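Student: I would like a close look at one part of this model. Could you take me through it slowly and then show me what lies around it?

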Number of protein chains: 2
Amino acid sequence: MAWFEDFTVGQKSGFGRYVVDREEVLDFARKYDPQPFHLSDAAAASTHFGRLAASGWHSTAMTMAMVVANMGEDGDVGGSLGAAGIDELRWLRPVHPGDVLRCETEVIDVIPSRSRPDRGVVRTRMTVFNQDDVPVMTFIPIALFQRRPATDRTAK
Amino acid sequence: MAWFEDFTVGQKSGFGRYVVDREEVLDFARKYDPQPFHLSDAAAASTHFGRLAASGWHSTAMTMAMVVANMGEDGDVGGSLGAAGIDELRWLRPVHPGDVLRCETEVIDVIPSRSRPDRGVVRTRMTVFNQDDVPVMTFIPIALFQRRPATDRTAK
């Protein structure tokens, strides 16, 4: 698992495969985003969505599922202290049932903390593509990572 | 329901009441964000969360549920064309089971489209508070609205 020292600007990664399920789209929308175009093809037909489209917040949730699956199976989060937030989230294209999503990431900033020398901020550009290699969503997670402990540095 | 002309910078609104349910926190985390601190009190105890905390993406979803409930019951979205995206999402404090969330919004930008005179962009600062009036999350939705149709203007 990753520590702050493991990141450099320009690092790229591709991972994930998430099949967008119709019942899951409806279930998410009923609970959290019950706007007509997220609930039926008929209501979506008269909008720019054209047909049933996933809530944008469902798209972020499905992306997080791919991110966590990519972290590894052992539950060891390494130096990760979680995310402080997200910048520039953009929903570029509708996500429809049957779509297959995947992720591409690129590290864009690696910033040591001035106040806490044991940690730093890593900003990454996340792009989510569908099965046609069309980008459907982009955002920039602002992740906090600890530096690798000294004992761990000498051991490796 | 609202059209582009209905927004002015500085407009404020408060709405929503969402009781964060423990089983719902676990259900969301299992599906979309199965990191240990979102799955058990024991795993969260050794982190800055202290005890079981909702996924940040669950917090955005719960907030969207409050936003949609506040839109009205008739399914008429007025001039809303949905959101292009979100700026400056920040998770400020953990959200725990038993918390009660509410929303405060303030319009910060009302920008007519240069290319499409029938519409414009409305940027709003959203702040989500818990039952102790502590802000737990902020973000800026970038919403697109059509201008009120001429027929509608003369009719009202």
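In which sense do β4(B) and β5(B) pair, and over how many bridges?

Tutor: Happy to! First, this is a predicted model, so local features need pLDDT of at least 70 and side-chain atom pairs count only at pLDDT 80 or more, while totals for chains, interfaces and linings use all residues. Residues are numbered from 1 along each chain as its sequence is written, with chains lettered from A and ligands numbered from 1 in the order in which they are written.

Now to your question: β4(B) and β5(B) pair in the antiparallel sense over nine bridges. Two strands count as paired if DSSP finds at least two bridges between them. Strands themselves are DSSP runs (E, at least two residues), as helices are (H or I, at least four), numbered from the N terminus. To see one bridge for yourself, find B:V121, whose partner in β5(B) is B:L144. The hairpin of these strands has five residues between them, and there B:D133 takes a positive phi near 60°.

On its other pairing, β4(B) meets β3(B), again in the antiparallel sense, over 10 bridges. Here B:E106 stands opposite B:R125 in β4(B), and a hairpin of six residues joins β3(B) to β4(B).

Next, look at the side chains of β4(B). In a regular strand, side chains alternate between the two faces of the sheet. Along β4(B), B:G120, B:V122, B:T124, B:M126 and B:V128 point to one face and are buried. Buried means 20 or more other C-beta atoms within 10 Å of a residue's own; 12 or fewer makes it exposed, in between partly exposed, with C-beta atoms placed from the backbone. The other face has B:R119, B:V121, B:R123, B:R125, B:T127 and B:F129, which are not buried.

Let's step outwards. β5 (135-146) of chain B also pairs with β2 (80-91) of chain B in the antiparallel sense, over seven bridges, and B:A83 stands opposite B:A143 in β5(B). These strands belong to an open sheet of 10 strands with antiparallel pairing, in the order β1(A)-β3(A)-β4(A)-β5(A)-β2(A)-β2(B)-β5(B)-β4(B)-β3(B)-β1(B). β1 (12-19) of chain A and β1 (12-19) of chain B stand at the edges with a single partner strand each, so one side of each is left without a neighbour in the sheet. Neighbouring strands are turned by 25° against each other on average, direction ignored.

A helix lies on this sheet too. Helix α3 (56-71) of chain B touches β4 of chain B, along with β1, β2, β3 and β5 of chain B and β2 of chain A, and its direction makes about 120° with that of β1(B). Contact means that C-beta atoms, placed from the backbone, lie within 7 Å. Angles run from 0 to 180 degrees between N-to-C directions, along lines fitted to C-alpha atoms, for helices over the stretch in contact. α3(B) has 16 residues and reaches 23 Å from its first C-alpha to its last, close to the 22 Å expected; the expected span is 1.5 Å times one less than the number of residues. Several of its residues are buried, including B:W57, B:H58 and B:M62. After α3(B) comes B:G72, with a positive phi near 115°.

Terms used: Two residues are in contact if their C-beta atoms, placed from the backbone, lie within 7 Å.
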